[in-house]
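Biologist: I would like to take a close look at one part of this model, and I would be grateful for a careful explanation that a newcomer could follow from one step to the next.

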Amino acid sequence: MDQLTNSLPTTAPNVAAEKIAVEVRAIAGAAKQAARTLRSASSLRKNEALERIAAELEAASASIVAANAIDMEAGRARGMAEGLLDRLLLTEERIAAIAAAVRHVAALPDPVGEVVEGRTLPNGLRLTKRRVPMGVIGMIYEARPNVTVDAAVLALKAGSAAILRGGSAALHSNQRIVAVIRRALAASSLPEALVSSIDEFGREGAVELMHARGLVDLVIPRGGAGLIQMVVREAKVPVIETGVGNVHIYVDRDADLTKALPIVLNSKLQRTGVCNAAESLLVHQEVATEFLQKLFNEFEKAGVKVHADTAAYRCAPASLEIFPATESDWATEYLAKEIAVKVVASEAEAIEHIARYSSGHTEAIVSENYSAIQEFTQAIDCAVVAVNASTRFTDGGEFGMGAEIGISTQKMHARGPMGLREITTTMWIVEGNGHVRG
């Protein structure tokens, strides 16, 4: 469900809208002022604050779980899909893992101040390009309370303030988490305004955040296609587009099928409600019968619904829940125990299919043929290509970045999992000795 666009009325009385605009801009202004304080903070000071956030999250685990239970009950009552409920769920074990991820971010190298490049010109001017904080980062997402922590701590480590809009589905969870983080910031002698939520202002508040040019430096949407495209259309501040994952796996005729089977099963089933889960499978016709018969037996055990072309359909046991694939099936991000399966005559056909339907997130090939792998990796235009590996590795944590703020599917500035470096910007320092331009 697109929580931003569907969970709240799209209009409000003028007086209420004006009040929301004033309050959201006040929050953004406070965040901008707070970010100036953090801009010059040492790595040690930032890391100490992150350590305190991790400890406070652990200490507040029971109360966070209780708040999350309210959201889970409401989600079930609304008929939220199981994959989305899984993303929404917080347990004490998950909170412990989130706290561990915060500590991992604290242990990562601080990108702020890093020298990207430097040189001395023939005229003696010394040029240095350094990483600096972005400033104020707005995060708009849905039904993912873990993102509340990820976005906040990554922004803090990168020297920026975070303004969060987490959607109505996770309202109680996010309110509790933000309160815990702000308490930790205050205990660390840092401004609470470094992390703020605008959930209480609904859709109108999110729109105002997207319009706050001059106060907000960057907006990152993370969620379904509807949410992301709405932000891209509506925003007046820079946007990094993230996340929709119509992810494909191509099993080549030269694939080791003993590798291919666990790769496909892991990509589809390890977690179904995430953007790097496989949604379409392409199998070369020379191995289709042998591979699909084994795979479909596993899908039947797991309760996977299959949308198949004619050739793949013929490989299925009568007991499998299988349907003839339609055009829309090839373009669907299921986020559930569903997958589209097609038999292809060649690698070229697989590449052409992916080029037509890919969302630019992650694509995978299973093959032992070096030439086929090279052709695939060169021809596919996406953020991540996996070779003989599960698509589920497209993740900031798995890439060694610590928590991620999102997975960019655009081509400007950042592409793929976005960690600390991807949410900083750069500045040039020009040092002279009385230099003037002739």
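The request below concerns a single strand, and the answer starts there before turning to other parts.

Biologist: Could you look closely at strand β11 and tell me which of its residues are buried on each side, and which strands it is joined to by bridges?

Modeller: Please keep in mind that this is a predicted model, and that what I describe has been computed from it. Strand β11 covers residues 338-344, and seven of its seven residues are buried. In a regular strand the side chains alternate between the two faces of the sheet. In β11 one side carries Glu338, Ala340, Lys342 and Val344, while the other carries Ile339, Val341 and Val343, and the residues on both sides are all buried. Here buried means that under 20% of the relative accessible area remains, so a charged residue such as Lys342 can be counted as buried along with Val341.

As for its neighbours, β11 runs parallel to strand β8, residues 278-284, and five bridges join the two; one pair to look for is His284 with its bridge partner Val344 in β11. Strand β9, residues 305-308, also runs parallel to β11, to which it is joined by four bridges, and here Val306 stands opposite Ile339.

For another kind of strand arrangement, you can turn to an open sheet of three strands in the order β1-β2-β16, where the pairing is antiparallel. In this sheet β1 (115-120) and β16 (424-431) stand at the edges and have a single partner strand each, so one side of each is left without a neighbour in the sheet. On average, neighbouring strands of this sheet are turned by 20 degrees against each other, if direction is ignored. Five bridges hold the antiparallel pairing of β1 with strand β2, residues 126-133, and among the pairs is Thr120 with Arg126 as its bridge partner in β2.

Finally, helices pack against each other too: helix α7 (residues 145-157) and helix α8 (residues 171-187) meet at an angle of about 25 degrees, with their axes 9 Å apart. The two are therefore roughly parallel to each other, and α7 passes α8 in a right-handed crossing. Their contact involves Pro145, Thr148, Val149, Ala152 and Leu156 from α7, together with Ser173, Asn174, Ile177, Val178, Ile181 and Leu185 from α8. Of the residues in this contact, eight are nonpolar and three are polar, with no charged ones.

Note on methods. Residues numbered from 1 in each chain as written. Predicted model: local features only at pLDDT ≥ 70, side-chain atom pairs only at ≥ 80, totals over all residues. Heavy atoms only, no water. Buried < 20%, exposed > 50% of the residue type's maximum accessible area, 1.4 Å probe, protein only. Pairing = 2+ DSSP bridges. Axes fitted to C-alpha atoms, helices over the stretch in contact; angles between N-to-C directions. Parallel < 35°, antiparallel > 145°, perpendicular 65-115°, else oblique. Left-handed = near helix turned anticlockwise from the far one by under 90°. Contact = heavy atoms within 4.5 Å.
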